[in-house]
Amino acid sequence: MRIDAIILRELAMPLVRPFETSFGVTRKRRVLLAEIQSEGLIGWGECTAGERPHFSGESTESAWTVMTQELGPMLAAENPQHGGDCPRIFWRVRDNRMAKATLENAIWDLEAQREGISLSRLLGGVRDVIPCGVSLGIQSSISELLAVIERELGAGYQRIKLKCKPGWDVEVFEHVRNRWPGITLSCDANSAYRLHDADHIQSFDAFDLLMVEQPLWHDDFYFHSLLQKRMNTAICLDESIHNRRDALAAIEMESCRIINIKLGRVGGFSEAIAVHNAAQERGIPVWCGGMLESGVGRSHNIALSTLENFTLPGDVSASARYFAEDIIEPEVTVSREGEIAIPDTPGRGYEVRNDLIERLTVRKETIRAMELVS
Ligand code: OSB
Ligand code: MG
């Protein structure tokens with residue numbers, strides 16, 4: 001594929017409601033989009049970095065810099081045939097996986113369009129609908145949270161994930177379980193606990209949770225393996241898993257029994273598929289995480305979730321839960337059964353709304369080929 005232009009934009013997109021995790025509150029997304037033009041086709045990618053480097057070391061600003069100064073010029077100088085060529089093109093740049101995924105995923109989108117097949121099919125997907133869950137932020141009160149859960153269950157979502165932290169955990173689980181004894185429930189600590197909390201985390205076993213996501217350090221396998229040995233509830237790793245090797249190490253050490261796969265966190269579709277396959281071969285189920293994406297990133301998550309071993313409901317939900325207006329058409333909707341239907345048109349299967357994207361753009365840069373690769 002000849003790369004004719006790479007256009008990078010930053011969009012300002014307020015969330016319809018704030019999203020609070022153990023590491024902070026997000027009110028307004030700074031969404032980075034890559035538009036790659038190639039031989040009359042356009043592929044789109046979205047950067048999942050947070051506004052601040054609090055989930056991982058990447059941020060909107062760092063990803064912008066790495067894409068405009070390093071990855072964009074490298075890619076523009078190449079002639080990739082497949083999305084899967086990108087890791088080789090980007091090999092000199094260490095880390096910065098969310099920045100890499102932005103560009104790689106746009107190439108996969110282009111490849112699917114060129115082949116005239118859906119992105120799901122190109123990836124090897126096997127589902128025509130995917131099961132959906134929701135991730136619910138920390139609320140101002142338990143009664144507020146119960147009202148939110150009631151609304152999401154009413155909408156059909158198959159699994160409720162509660163963000164938790166010390167002081168917003170067992171009491172919350174108790175209220176939720178008393179009200180809804182049978183629902184599929186999980187929690188996500190985003191690394192809010194330490195080893196001295198081990199007894200406390202173990203007490204989560206009383207609430208029949210599907211999993212406890214990333215209770216300890218963001219970069220740990222070993223202490224999670226000690227904790228997993230003490231718990232009946234499955235641990236799920238999110239932040240710790242950056243690639244296939246990490247997944248193999250975590251599975252080998254029994255640090256987790258479930259893996260959350262996020263495209264940005266692992267650097268794009270190639271590595272996401274590799275993590276998926278490694279987990280599948282070892283009997284470890286996976287699900288697709290979310291990073292408050294706009295419709296572009298959401299459509300990538302939807303396609304990824306069609307792979308065979310994505311057997312658990314993901315954090316992939318309706319556009320309207322996040323944004324008053326999404327930048328894709330149609331926006332993502334979820335059925336009363338809590339499922340998203342997979343589009344089978346070429347590429348991602350959702351049109352981008354160019355007029356709205358233009359209106360939301362606060363910064364734009366066209367990237368040219370690197371002239372001197374040292
Ligand atoms: O840990 O899964 C997480 C959002 C931002 C950063 C990290 C996480 C999340 C979510 C929200 O849980 C998932 C979503 O609804 O997009
Ligand atoms: Mg998580």
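Asp95 is partly exposed, with a relative accessible area of 47%, and in this predicted model the residue sits in the loop between helix H2 (86–89) and helix H3 (97–115). Its backbone deserves a second look, since Asp95 has a positive phi of about 55° although it is not a glycine. As background, most residues other than glycine have a negative phi, and most peptide bonds are trans. Asn190 also has a positive phi, near 45°, and is likewise a residue other than glycine. The loop that holds Asn190 runs between strand S7 (185–188) and helix H7 (198–202). With a relative accessible area of 7%, Asn190 falls under the 20% limit and therefore counts as buried.

The peptide bond between Glu329 and Pro330 is cis, with an omega of about -5°. Pro330 belongs to the loop between strand S12 (328–329) and strand S13 (339–341).

The table below gathers the accessibility of several residues discussed in this report.

| Residue | Relative accessible area | Class |
|---|---|---|
| Asp95 | 47% | partly exposed |
| Ala147 | 44% | partly exposed |
| Ile149 | 0% | buried |
| Asn190 | 7% | buried |
| Glu213 | 0% | buried |
| Asp238 | 0% | buried |

**The magnesium site**

Which residues coordinate the magnesium ion (ligand 2)? The donors are Asp188 (OD), Glu213 (OE) and Asp238 (OD), and they coordinate the ion at 2.1 to 2.3 Å. Read along the sequence, these donor residues follow the spacing D-x24-E-x24-D. Glu213 lies in strand S8 (residues 212–213), while Asp238 lies in the loop between strand S9 (235–237) and helix H9 (244–252), so this pair ties together parts of the chain that are 25 residues apart in sequence. Glu213 is buried, at a relative accessible area of 0%, and Asp238 is also buried, at 0%.

The surroundings of Asp238 can be described further. Leaving aside neighbours within four places in sequence, Asp238 is in contact with Phe55, Asp188, Glu213, Gln214, Asn260, Lys262 and Arg265. That list includes Asp188 and Glu213, which coordinate the magnesium ion (ligand 2) together with Asp238. For one of the contacts, Asn260, the C-alpha atom is 5.1 Å from that of Asp238, although the two residues are 22 positions apart in sequence.

**Two helices**

Helix H5 (residues 142–155) contains Ala147, and Ile149 is found in helix H5 as well. Is each of these residues buried, partly exposed or exposed? Ala147 is partly exposed, with a relative accessible area of 44%, whereas Ile149 is buried, at 0%. As general background, an α-helix has 3.6 residues a turn, so residues three or four places apart point the same way.

When residues up to four places away in sequence are not counted, Ile149 touches Leu136, Ile160, Leu162, Val176 and Trp180. Ile160, one of these contacts, is eleven residues from Ile149 along the chain, and their C-alpha atoms are separated by 7.4 Å. Ala147 offers another pairing to look for in the structure: between Ala147 and Glu351 the C-alpha distance is 34 Å, and the two residues are 204 residues apart in sequence.

Why is helix H12 (residues 295–304) described as largely enclosed by the rest of the structure? Ten of the ten residues of H12 are buried, so the helix is largely enclosed. Among the buried residues of H12 are Arg298, His300 and Asn301, as well as Val296, Ile302 and Leu304.

**The protein as a whole**

The secondary structure of the protein comes to 13 helices and 15 strands. For 374 residues, a compact globule would have a radius of gyration near 21 Å, and the value of 20 Å for this protein agrees with that expectation. Along its principal axes, the C-alpha trace spans about 60 × 40 × 35 Å.

Of the 374 residues in the protein, 59% are buried. Among contacts with a separation of 6 or more, 71% are between residues 24 or more positions apart in sequence. The protein exposes about 15,100 Å², and carbon and sulfur atoms supply 48% of that area. The protein carries 41 positive and 54 negative charges, and the mean positions of these two groups are 2 Å apart.

Terms used
Residues numbered from 1 in each chain as written. Chains lettered and ligands numbered in written order. Predicted model: local features only at pLDDT ≥ 70, side-chain atom pairs only at ≥ 80, totals over all residues. Heavy atoms only, no water. Donors = N, O, S within 2.8 Å, 3.2 Å for Na, K, Ca; no water. Helix = DSSP H or I, 4+ residues; strand = E, 2+ residues; numbered from the N terminus. Buried < 20%, exposed > 50% of the residue type's maximum accessible area, 1.4 Å probe, protein only. Rg over C-alpha atoms; globule rule 2.2 N^0.38 Å. Contact = heavy atoms within 4.5 Å. Areas by Shrake-Rupley, 256 points an atom, 1.4 Å probe, with all protein chains shown as cover. Lys, Arg positive; Asp, Glu negative; His and termini not counted. Charge placed at Lys NZ, Arg CZ, Asp CG, Glu CD.
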